Structures are given as structure tokens and as C-alpha cells.
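Good morning, colleagues. I should like to take a few minutes to go through one structure with you. Please look at the display before I continue.

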Amino acid sequence: MPIDRVAVIGLDCAEPSLVFDRWANDLPNLTALRKRGAWGKLTSCMPPITVPAWSCMASSKDPGQLGIYGFRNRKDHSYDGLDIAMSFAVKEPRIWDILTKAGLPSIIIGVPGTFPIMKPIQGQMISCFLTPNPMDAYGSDEPLKQFTHPKQLKDTLKELVGEYMVDVKDFRTEDKAWLLEQIHQMTERRFKVIRHLAKTQPWKLLWFVEMGVDRIHHGFWKEMDPDHHRHVPGNPFEYAIHNYYKRLDAQIGEFMAECDPARTAFLVVSDHGAKRMDGGICFNDWLIKEGYLVLKEPLAGTTKFSNKLIDWSKTRAWGDGGYYGRCFINVQGREPQGIVPPAEYDALRNELIQKIEALPDHNGKPIGTRVYKPESVYKRADRVPPDLLVIFGDLHWRSVGTVGNPSIYTFENDTGPDDANHAQDGMYILAMPEGGPRGQKDGPTLYDVAPTILKMLNQPVPGDMIGTALV
Ligand SMILES: [Zn+2]
């Protein structure tokens, strides 16, 4: 029997070493799926960040082609700071747009990069965790608030689960008991909705993304990981992530039972993995120390970094915080008060790359930082890319968004408690009703996902997709 439809089980941040090795025996549904299909690491995009990763996966285009380099992006070369990339930032067609054109129905739930819903698809859509407040959309016709398609789908959600949770409102909190309860509640509610739509609506593609995996990693990694510098053996949340994965596996099993397995291909994917975070590099404090960045006046203490603090007439480079670091160059004729002559731009970047990559940890040990030029990692670099992308310490270190810190190393997170960072490799499992690839195969990238789905649905793969079908 040919494949009639594809179910994509998206687990934001699911870590291959946990699913395939450490907890394989405790995850019967995922492990059984693996035994009848192909599986392995799925390399994420650069940077391995939720926004843009899911849109890269769904369009088979890189962040440069999408012009989306993280949650927040420069909208021009002014000093206005960074804007959050919402759905309308994605100009390339994603797979549900392609299927809509072909007249095939999709059910899309929680895929990051879909709020607000501006372009109706054929089928059903519930948008992503960037929905500011889903409850706002009830009784509102305002297009910028809509998080479901069709609009009345939100009433179905209310009937099914009460308040549908797009995300946990404040996952960087010390109130771990509350956080754990919230994550489980969000996941239970979402799966109830997914099962309901899977069995009541027609679909050729059903693609959902569960954010709980990412949130539980960021919230409970140090409790779980003995290698984390703040791990306390025997702490009350040592098994929080493990138990969540077991519950998630059970939910996946219940969902799969709602799909007719004889005609459905299953694809489990994560947009990146997870790893312990060792600390943060105060990127702008380092740029100040090295003389690249000059502030208007000395700071009294640690402050949130803002472009307003910068003396542009003396600044050559500045940075930004996040799970990865970005560096921007103040270029003459490009930035409003640029001082770096274009002829010296690349030499300055090379000098910065050399110095940043040589930066050791607080004990003087090398940490393996890698710095990339956008033109060397992307097919093209649309809109305003960072001048350098900085992956501190193989992602065991993050870039800190404050300035005026006593040291360039910090072990407090400026955005609230967070003990995990993203890892470059996510995971995939592909299981077809019969036949198809088998066994462990590391090496596919998230760009391969959209062509794989199209191929399984017997649809042409657009020539400009950069991935390759796995089937
Ligand atoms: Zn993610």
C-alpha cells in the first residue's frame, strides 16, 4: 500500500543521546518506531536556534536565504536594535504552503514561525509559542491576534482543554514545582487537541511541535546532569526530565494509535539537541576590554545592554546576547555613524575571529569557540545578517546580554535560571508503513525533512530546496 499521509512529530530540543541511548529502554514507542525505520542525528542549521530552525526545516532553505538569524534580527543597518521574527518574516514557501497549492490538506500545530496566521492554508493550523496571549484572540477579529485557522478552531480548543497553552509563560523561574506542573499540563492539553484533530479532520500532512521538551531541558538540566557544575545528587527534580520523556513517549503512542499506521509514515524530528550550559561570556564587556566597543559613560554596575549606551564615534564592533553570540561591525557608509572603512572590514573580522576563538574559559582552558562569517555558511545572506556568528565553547557557553559585569565570565544567566544550551545535532526517526530506509544513519540535516515529506506524498520537490529526500 502506498503512503497516504505523513505525521511529523516535532519535539523541540529533543536530545538524541537521551532518546537513543540513555533512556531507550524506557521509551517503548519511540524505540519500536526506530526498530522499523531509519534514525540518527539530524544536524541543525547555523545557528541551532528554534527560530529560524523550524522554518528552515519546513522550507528546506537556510537562515541566510530566509534572512532570519535568530529570534531577533536587525531590520536594517540603523542602531534601532533587534526585532522578533514573526510569521510574516518567512517569505519562502513552507511545506504546508506547497501542499495547499497542490490541493492537499494539512494539520499544523505549534510549529514555530507561524504566528500570527496571515496566509490561510488548506486544512487546520494552530500557531506557535510566539502567540503573546491566546486568550486575547477569543472574541477578536483582529488579524494580528489570530492563532488558529480557521478562526473558529479556537472555540474547539476551548471546549477541549479550556485554556490552550502555546508555551509555559515563564519557564526561567526558580519555582521548579510550578514549572514542572505547567510543562506537563501544556503537553497533556496539546496532545488532546492533536488526537482530536488527527481523527476528526482530513489530512495528508499532520505536523505538530511540542515545546515542553525544550522548556524542561532549560528548566531542569542541572538537576539531571551530574556533569553540570551545580548538580546536587539526590535533588528532588533529578528525574523530572526522565519522567517527562516517558510521559511524552506514552502520548506519542496514543497519538500514533489515532493515525492509521498501515497508511501513515511517521517522522519524529527535533530542531536541535540540548547540552549542559557551563556559563556565559559577557561578549560586550570583552569587546570593551579589547577596545572595539566604547560606551558613552562608565557604568555603575551590571546593566542590560542597549545600543543607546554606545559611543558610535569610537566603536568598531558590538555584540548581542543569546544561546549564540552575534557580532556587528560599525561600517562607514553602512551604519549611520560607521567608522570602520569598508576596505578594512574583512581584516577586522579576521582579527576578531582569531581573538574570539582563542578566548579560554575562566581557568585559562581552551573551550573551542568557533566564529563564522555569514557568507561562508549560507547560500546567500538576505536582509541584515550578523557580521560574525559566534558559537562559544561548542555551545557549552552562551553569550550574555548584559554589560558592566565584574568579569567577562558569568555563571548567572541574565535572562533568568537556565542550565541548558542548544546542541548542534537534533534527532530524527523515519518509519514508513512498509519498506523504506532502516537502521542508524547519522548525517541528514534538517533541510532534508521537507523534500522527504514531499517525496513520500508523491509530490514534486522544488529545485531550490537545499536538502535531499531520505527516501
Ligand atoms: Zn528549539
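Trp54 and Trp207 are both buried in this model, which is a predicted one. These two residues also form an aromatic pair of the edge-to-face kind, with 6.4 Å from centre to centre and 70° between the planes. The pair links distant parts of the chain, since Trp54 belongs to helix 3, residues 50–59, and Trp207 to strand 8, residues 205–210. In sequence they are 153 residues apart.

A second tryptophan pair deserves attention. Trp312 and Trp318 are likewise arranged edge-to-face, at 4.8 Å centre to centre, and their planes make an angle of 80°. Are these two residues buried or exposed? Trp312 has a relative accessible area of 7%, and because the limit for a buried residue is under 20%, Trp312 is buried. Trp318, at 2% relative accessibility, counts as buried too. Ring pairs join both of them with Tyr79 and Phe328 into a cluster. In total, the model holds 18 aromatic pairs.

Phe328 brings me to the charged groups. The charged end of Arg74 sits over the ring of Phe328, 5.1 Å from the ring centre. Elsewhere, Arg215 places its charged end over the ring of Phe171, at 4.0 Å from the centre.

I turn now to the metal site. Which residues coordinate the zinc ion? The donors are two OD atoms listed for Asp12, OG1 of Thr50, OD of Asp271 and NE2 of His272, at 2.0 to 2.7 Å. Along the chain, the donors follow the spacing D-x37-T-x220-D-H. Thr50 lies in helix 3, whereas His272 is in the loop between strand 9 (264–269) and strand 10 (273–276), so this pair of donors ties together parts that are 222 residues apart in sequence. Both Thr50 and His272 are buried. Helix 3 thus appears twice in this account: Trp54 lies in it, and so does Thr50.

Finally, let us consider the surface. Phe88, Met118 and Leu144 make a nonpolar surface patch of about 300 Å². Of these residues, Leu144 is found in the loop between strand 6 (123–126) and strand 7 (148–149). Why does Leu144 count as partly exposed? Its relative accessibility is 49%, and the partly exposed class covers values between the 20% limit for buried and the 50% limit for exposed.

That concludes my presentation, and I thank you for your attention.

Technical notes:
Residues are numbered from 1 along each chain as its sequence is written. This is a predicted model: local features need pLDDT of at least 70, side-chain atom pairs count only at pLDDT 80 or more; totals for chains, interfaces and linings use all residues. Side-chain values use heavy atoms; hydrogens and water are left out. Rings of Phe, Tyr and Trp (its six-membered ring) pair if their centres lie within 6.5 Å; planes under 30 degrees apart count as stacked, over 60 as edge-to-face and the rest as tilted. Helices (H or I, at least four residues) and strands (E, at least two) are DSSP runs, numbered from the N terminus. Buried means under 20% relative accessible area, exposed over 50%, partly exposed in between (1.4 Å probe, protein chains only). A charge sits over a ring if NZ of Lys or CZ of Arg is within 6 Å of the ring centre and within 35 degrees of the ring normal. Donors are N, O and S atoms within 2.8 Å of the metal (3.2 Å for Na, K and Ca); water is not among the atoms, so sites may look incomplete. Patches are made of residues with over 30% relative accessible area and no salt bridge: like charges are joined within 9 Å, nonpolar side chains (Val, Leu, Ile, Met, Phe, Trp, Tyr) within 5 Å. Accessible areas come from the Shrake-Rupley method with a 1.4 Å probe; for residues, only the protein chains shown count as cover. A salt bridge is a side-chain nitrogen of Lys or Arg within 4 Å of a carboxyl oxygen of Asp or Glu.
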